[in-house]
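This briefing treats selected local features of one protein chain. Please keep the sequence and the coordinates in view while reading.

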Amino acid sequence: MTEVELSCGLPPGPDFADLVVLAEQLGYTRVWIYDSAPLWEDPFVHLALAARRTSRIGLATAVLIPTQRDVMAMASAIATVARLSGGRFRPCFGTGFTARLTVGQPPMKLGELGDYVRALRRLLAGGTTLVNGKTVRMLHADGLTQSRPMDVPLWLSAFGPRGAKLAAEIADGIIGPVHPDLPAATMVSGTVLHPGEAPGSDRVRRAIGPWRVLDWHNAYAYGGAEAVDALPGGRPWRDTVEALEPPESRHLRTFEGHVTHLPDRDRMLLEHIDHTTMVGDLHSIRRSVERLVGEGFSEVIYTPSGPDTARELTAFAAAGNVS
């Protein structure tokens, strides 16, 4: 198989460090942790725990949302994990699609994201930047964190021409489409079939469902009633959501269980989800990964879900031939 960095993405939760240990044993290149304060625990705490229990595997974020942390607090947190991991940390930033929508706010503007990352770079380099009109700098004494400048790669999650242009200006890599100048990673969900298992089996649908129902969530969040009603099963799903909350607080329900769990209303959608993409035996999964490499991606981030994450990680590692 063509050389590729096969990594995985996981939410910050009670079993995160255990799963990172397993991922390291299985040969994954890197573990990317999610960041959405309304949905999951703090990623930096879990990254610190995982750093202490591993020695080789890279640690990364997919993705940090600037509006959730002041830039100085972010710089200090990054410095902590970079030190604890021995330089294995890769922070990646984005405008915060789900993290922002779940608190009733639109994603950040790209310009705001760019300003934040530029300020963060200056802080990590030991420089001075402006926060709320005042100059700030990392004042950590010798021995209290890594010395500056810190060699920490900063990535962006960005899509479209404006995002690609911004990434070229301020980032060391990108989660998104293949980029002409930067290494690019792509995120995939799926599952490896048991011998003789049908792609549409109940186990498959439960394993991939938390990721595949996002089409309905996103349609409702961005397109509203008309957009989600145009999808199979969309109208009954929307009726259930709207019966639970008044209009001003429905953002609290739209992404409930995001990529990890299936509320009852989302289970109604399982008969409609795509159960073919990145679903197959070892050989077909390997061919799918190879196609992504052939398109120009340097890293494939597998995002397992469902009731048995350890099983999914183990099976996909074998399919990706990383062990």
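The notes below take up one buried strand residue, one helix and its surroundings, two helix pairs, and some backbone features. The model is predicted. Ile-175 is buried, at a relative accessible area of 4%, and helix α12 spans residues 282-295. The pairs considered are α2 with α3 and α7 with α8.

**Ile-175 and its surroundings**

- Ile-175 belongs to strand β9, which covers residues 173-175.
- Its relative accessible area of 4% falls under the 20% cut-off, so Ile-175 counts as buried.
- Beyond the neighbours within four places in sequence, Ile-175 has contacts that include Trp-32, Cys-92, Ala-185, Met-187 and Ile-301.
- Residues from Trp-155 to Phe-159 also feature among these contacts, namely Trp-155, Leu-156, Ser-157, Ala-158 and Phe-159.
- Ala-62 and Val-63 are further contacts of Ile-175, and the peptide bond that links Ala-62 to Val-63 is cis.
- Met-74 lies 101 residues from Ile-175 along the chain, and the C-alpha atoms of the two are separated by 20 Å.

**Helix α12**

- With 14 residues at 1.5 Å a residue, α12 should span 20 Å; the C-alpha atoms at its ends are 20 Å apart, so the expected and modelled values agree.
- Ser-284, Ile-285, Ser-288, Val-289, Leu-292 and Val-293 are the buried residues of α12.
- The elements covering these buried residues include the strands β10 (184-188), β11 (191-192), β12 (279-280) and β13 (299-302), together with helix α13 (309-320).
- Gly-296, just after α12, adopts a positive phi of about 120°.

**Helices α2 and α3**

- The axes of α2 (residues 43-53) and α3 (residues 71-84) come within 9 Å and cross at roughly 15°.
- Because this angle is under 35 degrees, α2 is roughly parallel to α3.
- The contact between α2 and α3 comprises 9 nonpolar, no polar and 1 charged residues.
- On the α2 side, Phe-44, Leu-47, Ala-48, Ala-51 and Arg-52 take part, and they meet Met-74, Ala-77, Ile-78, Val-81 and Leu-84 of α3.
- The crossing of α2 and α3 is left-handed.

**Helices α7 and α8**

- The axes of α7 (residues 202-212) and α8 (residues 214-229) come within 6 Å, with a crossing angle of roughly 20°.
- This angle, too, is under 35 degrees, and α7 and α8 are therefore roughly parallel to each other.
- Pro-210, Trp-211 and Arg-212 of α7 make the contact with Leu-214, Asp-215 and Trp-216 of α8.
- By class, the residues of the contact between α7 and α8 are 4 nonpolar, no polar and 2 charged.

**Cis peptide bonds**

- The bond from Ala-62 to Val-63 is cis, with omega near -5°; Val-63 is in the loop between β3 (58-61) and α3.
- The bond from Arg-148 to Pro-149 is likewise cis, with omega near 5°; Pro-149 is in the loop between β7 (134-136) and β8 (155-157).

**Positive phi outside glycine**

- Asn-132, in the loop between β6 (129-131) and β7, has a positive phi near 55°.
- Asn-132 has a relative accessible area of 79%, over the 50% cut-off, and is therefore exposed.
- Met-278, in the loop between α11 (264-267) and β12, has a positive phi of about 55° although it is not a glycine.
- The relative accessibility of Met-278 is 9%, under the 20% cut-off, so Met-278 counts as buried.

Methods
Residues are numbered from 1 along each chain as its sequence is written. This is a predicted model: local features need pLDDT of at least 70, side-chain atom pairs count only at pLDDT 80 or more; totals for chains, interfaces and linings use all residues. Side-chain values use heavy atoms; hydrogens and water are left out. Helices (H or I, at least four residues) and strands (E, at least two) are DSSP runs, numbered from the N terminus. Buried means under 20% relative accessible area, exposed over 50%, partly exposed in between (1.4 Å probe, protein chains only). Contact means heavy atoms within 4.5 Å. The expected span of a helix is 1.5 Å times one less than its number of residues. Axes are lines fitted to C-alpha atoms, for helices over the stretch in contact, and angles run from 0 to 180 degrees between N-to-C directions. Angles under 35 degrees count as roughly parallel, over 145 as roughly antiparallel, 65 to 115 as roughly perpendicular and the rest as oblique. A crossing is left-handed if the near helix is turned anticlockwise from the far one by less than a right angle, and right-handed if clockwise. Ala, Val, Leu, Ile, Met, Phe, Trp, Tyr, Cys and Pro count as nonpolar, Asp, Glu, Lys and Arg as charged, and the others, Gly among them, as polar.
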